[in-house]
Amino acid sequence: MINYKEEIAKILADADIGLSFDEIKEIVEVPSDSKMGDYAFPCFKLAKVLRKAPPMIAKDIAEKITGKDLFEKVESVNAYVNMYISKQNFIEHVVPEIVNAGDSFGRSNIGEGRPLIVEYSSPNICKPFHIGHIRSTVIGNALYKIYDAIGYDVIRINHLGDYGTQFGKMIVAYRLWGNKEDVEREPIKTLLSYYTKFHVEVETHPELDDEARKVFVKLEAGEKEEVELWQWFREMSLKEFNRVYDMLDIKFDSYNGESFYSDKMPRIVNELKEKGLLQESQGAQVVDLSEYGMPPALVTKSDGSSLYLTRDIAAAVYRKETYNFVKNIYVVASQQNLHFQQWFKVVELLGYEWAKDCVHVPFGMVSLEDGTMSTRHGRVVFLEDVLNKAVDQTREIVKEKGVNTENLEETAKAVGIGAVIFQELSNNRIKDYVFSWDRVLNFEGETGPYVQYTHARACSVLRNAGEELVAKACEFKDIDFSYLTGDAAYTLVKLMYELPDVIVDAAEKYEPSVVTRHLIDIAQGFNRFYHEEHILVDNEAEKLAKVALVKAAKNVIANGLALLGMKAPEKM
RNA sequence: GGGGCAUUAGCUUAAUGGAUAGAGUUGCGGCUUCCGACGCCGUAGGUACGGGUUCGAUUCCCGUAUGCCCUACCA
């Protein structure tokens, strides 16, 4: 695919305007309004170098490059050189490339197969998988797809919260009030009820806490009975989590959670000691970070047991040694900003140069209308319920409309779950939001169903065109692309052309919403084209060109949806 | 008390320091049998406040206000 920005930078560099190719490439931009051209070169920065008024510079440059093959028109408007590229050449080049690339349109090989880790989802076992977990899960999965698309070898890690004193409490509670059948039937809700009961009972029977602590020590020491119970809790929980992951079509390469690193921590503590980083403070072992404007990092509690900061360091070291990552990404709530800053700094102080490759990708909080989520107070919305409700609603709509009833379940799932995913990936991840059923079950406007519907609409047009015609269009022999130079068609082609850059941008910003937004723009572009121009016209030449464009659009939308972890149904 | 993040139209929101701040939703007015949940076009409506840097600030800096988060033995 031709890189137009680079071509323009080359022309400008050759025109000897006083800046290097690389400098020019940085400055060339796409105007906010397409009326002002396809590309623009603002001359403000040159004003200082050339000691001339920017509009004069723009005028000179415009004159110098007018007439180059790449351009249909060049003009200077105030301080800008506005360049209009030859529409027909552009379309002729881009549309066949998109169609021929198929699934791989948008992909690149920037990563060159190097290993990259994305840690995401990471729920606590024995606790509900609620609407708060959707963010890490869905954002992480999209980042996996995005980094995979630009050529990294991505390792997906679900860092389960499967360790800690709460499992001492859990075991005590189960032994007192537990019932195996109940747990097997509904693991998490049942286990959670024991846990809640424990917290109620401990008010009047404080000795329960001591008992829990003892049991946890046994668990850590590897006592058979305790370990077996814990493993069973873990299995039961995972079984339930997997139901949600299956619905979302999300997979992991590793479920090594906190417990996996429990035996890898002493090494880290020793290393900290050897390198003289540890200090005693109020009976605990800490790394002083006051020099860096942070509170001390607590490595070992006063009772000698370890903390999650130590565990995270041990995990990072293990991952570096196991996978030799070039980047290690943590999709974890912004509440933990300080925690990550602290332990990244400790890793740096340990002398590991790869500390700079560790990235915390934070996201904002989800709260409920009646306050923040609290499993103890029963203020919780289960993610599975949200997904099921979205699917139920979709199923009703499909039934009512009577379209595609042969694939009712499949369509309902693709669209209902897709709506939830798309909603989650629509806005900048750093923003907090309040969960609302109305919002998540809204299918109109800038939503997942809108984009999927657009895809289905394109598929329908292609079906109506007939296989033969589509096949002929896709040969790109003697197609007259001048039929696609209208405003709506040309805008659509430009938007599709941008997809590969958009994917790279999303990866650099760790921001899937960049893709989501662009996908909405493409869908809008297609719908505008669809309404402004009739596609299956009588004129064969015109029809072929338009069918080729529809094929390209269908392709791009499907690829974009896949990046977000969504399906693209052909009918809905 | 200290630190971090946020604040854009009635609501949900977008904008590598660049041109007239762009969408969706709501309201109003049109259009639409290539998909039928739709959609498309038009119209109305906005940068919390006060300074500063800059040729140019939603964007960078300082302050104020409001909200959320963090601030050593939970994760």
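So, which residues of the largest nonpolar core touch the most other members? They are Ile146, Met496 and Ile557, in a core of 125 residues. By nonpolar core I mean a set of buried Ala, Val, Leu, Ile, Met, Phe, Trp, Tyr and Cys residues joined through C-beta atoms within 7 Å. Buried means that 20 or more other C-beta atoms lie within 10 Å of a residue's own, with C-beta atoms placed from the backbone.

Before I go on, the small print. This is a predicted model, where local features need pLDDT of at least 70 and side-chain atom pairs count only at pLDDT 80 or more, while totals for chains, interfaces and linings use all residues. Residues are numbered from 1 along each chain as its sequence is written, and chains are lettered from A and ligands numbered from 1 in the order in which they are written.

Okay, chain A overall. Its 572 residues are 40% buried, and they include 23 helices and 12 strands. Those are DSSP runs, numbered from the N terminus: H or I of at least four residues for helices, E of at least two for strands.

Back to that core. Helix H23, residues 540–564, gives the largest share, 14 residues. There's also another core, lying apart, with 19 residues, including Ile188 and Phe198.

Now let's follow Met496. Beyond its neighbours within four places in sequence, Met496 is in contact with Ile98, Ile522, Ala552, Ala553 and Val556; contact here means C-beta atoms, placed from the backbone, within 7 Å. Met496 is also one of the buried residues of H20, alongside Ala489, Leu492, Val493, Leu495 and Tyr497. What do the buried residues of H20 pack against? Helices H5, H21, H22 and H23.

Take the H20 and H23 pair. Their axes come within 11 Å and cross at roughly 35°; axes are lines fitted to C-alpha atoms over the stretch in contact, with angles running from 0 to 180 degrees between N-to-C directions. On the H20 side you have Ala489, Leu492 and Met496, and on the H23 side Leu549, Ala552, Ala553 and Val556.

Last stop, the RNA. Strand B is surrounded by 71 residues, and the closest are Ala40, Lys301, Gly445, Ala456 and Ser460. Near means that a residue's C-beta atom, placed from the backbone, lies within 6 Å of the strand. Helix H18, residues 448–465, gives the most to this surface, with 9 residues. By class, the surface has 33 nonpolar, 24 polar and 14 charged residues; Ala, Val, Leu, Ile, Met, Phe, Trp, Tyr, Cys and Pro count as nonpolar, Asp, Glu, Lys and Arg as charged, and the others, Gly among them, as polar.

Technical notes:
Buried ≥ 20, exposed ≤ 12 C-beta atoms within 10 Å, placed from the backbone. Contact = placed C-beta atoms within 7 Å.
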